[in-house]
Amino acid sequence: MAPHRKSRPPASMGMRTPALATAALTSVALLSQTADASPAAEPKPSMEEVQKKVDDLYQQAGTATEKYNEAKAKTTKQRKRVDTLLDDMAQRTEKLNDAREELGTFAAAQYRTGASVPDTASLLLADNPQDYFDQTQLMNRLTARQKQAVEDYATQRAATTKKRQEASEGLETLTTTQSTLKTSKADVQRKLAEARELLSKLTAEDKARLAAIERERQEKAQRKADELARQQAADAAAQAQQDAGTATGTGTGTGTGTGSAPGSDSAATSKAAKALAFARAQIGKPYVWGASGPGSYDCSGLTQAAWKAAGVTLPRTTWDQVETGTTVSVDHAQPGDLVFFYDDISHVGIYIGDGMMIHAPKPGAYVREESIYYMPIHSVVRPA
């Protein structure tokens, strides 16, 4: 009998080749490393990117502030209108009640004297014709009073109904403006909170770098302001020389010249000087969004208060202020002019000359003098 032998297992079930074993171990190692590894951290933004992000947030907060100012002005105006309507409605209601009482008085008098006007037959049957005529005259007077009372009542009732409807609509509008006011306030607070959170994450080294970037930005803006001041001085000197030559040559020079800036009359200059004097007196006071003085200001609150001191009433928001007055070029800007910034016209300052302005910059800052080139200029407007 042949000896018993165990069959050999197939090659696929035996020990793997060294190459396959190495590959398997490598795959396991890679998978293990992938599972244990933490997600890749996002690259840290540069300080220039941080500065831009903060600036964007402050600008967005500025835009939201102007929306808040607009909603607040509308709410205040609408509240006054509603109060007036309610007072008027109360007066109309009182008059309506008076008219109703008049009708009641007439009805009572008519009841006491008889309900109908005597006819011709009554005259023929009357014992005393004079009594008949007296009664007829009385009834005619009562009829006229009744007609007038009815007309008065109808008039007062219609007026009262109209005022009641206007008051109801006014209250609905007031509710809407108050809702917008609340939304705008929340938007400002949210943007400022984002900016504060971003700045709070910076290290001391980051903050130092950010301060250096800000200084560079200020210096660049100041150089542009100095350049504008030199150009304006050169233009003024050339104009003065031209005016002097014209006066000497013809004897008819007026001293105005073709290059003089518009709106340079003494009255306007006096108002601008008063506005600037007020603005200078506010330097050092804090920026507070939605504030219009006297202890703090936002940008449009400062310009509004400054020109109010000069006797000129400006609207509350930058969007309305830019529509008030005469638009001039930056090269022809004069002290007292309003300089508006950004494409959405969300910031404003008051020009003081030589490329400089006084403005309430942003949260955390104070009213100060600064180059108009610190921000992108939108337009320049002369209020008076």
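# Exercises on a predicted chain

Residues 24 or more positions apart account for 68% of the contacts (heavy atoms within 4.5 Å) in the protein chain with a separation of 6 or more. The model is predicted, so local features need pLDDT of at least 70 and side-chain atom pairs count only at pLDDT 80 or more, while totals for chains, interfaces and linings use all residues. Numbering runs from 1 along each chain as its sequence is written, and side-chain values use heavy atoms, with hydrogens and water left out.

**Exercise 1.** State how many helices and strands the protein chain has, and their pattern.

*Solution.* Take the DSSP runs: helices are H or I of at least four residues, strands E of at least two, numbered from the N terminus. There are eight helices and six strands. Now read along the sequence: the pattern is α-α-α-α-α-α-α-α-β-β-β-β-β-β.

**Exercise 2.** Place Thr317 and decide: buried or exposed?

*Solution.* Locate Thr317 in the loop between helix H7 (299-309) and helix H8 (318-321). Apply the cut-offs: buried is under 20% relative accessible area, exposed over 50%, partly exposed in between (1.4 Å probe, protein chains only). Thr317 has a relative accessible area of 2%, so Thr317 is buried. Next, list its contacts, not counting residues up to four places away in sequence: Glu66, Asn69, Glu70 and Ser300.

**Exercise 3.** Describe the largest nonpolar core and find which element gives the most to this core.

*Solution.* Such a core is a set of buried Ala, Val, Leu, Ile, Met, Phe, Trp, Tyr and Cys residues joined through side-chain atoms within 4.5 Å. The largest has 44 residues; Trp307, Phe340, Ile350 and Ile358 touch the most other members. Elements giving two or more residues include helix H2 (47-113), helix H5 (204-250) and strand S3 (347-353). H2 gives the most, with nine residues. Then check Ile350: beyond four places in sequence, its contacts include Trp307, Met357 and Ile358. A second, separate core of 13 residues includes Ala221, Val339, Ile372 and Met375.

**Exercise 4.** Characterise the second largest pocket by volume and lining.

*Solution.* Use a 1 Å grid over the protein atoms alone: a pocket is an open set of points where a 1.4 Å probe fits, with protein on both sides within 12 Å along at least five of seven lines. Lining residues have an atom within 4 Å of a point. The volume, the space filled by probe spheres set on the points, is about 280 Å³. Among the lining residues are Gln51, Tyr58, Glu214, Lys362 and Arg368. H2 and H5 are the elements that give two or more residues. Sorted by type, the lining has seven nonpolar, two polar and three charged residues. Here Ala, Val, Leu, Ile, Met, Phe, Trp, Tyr, Cys and Pro count as nonpolar, Asp, Glu, Lys and Arg as charged, and the others, Gly among them, as polar.
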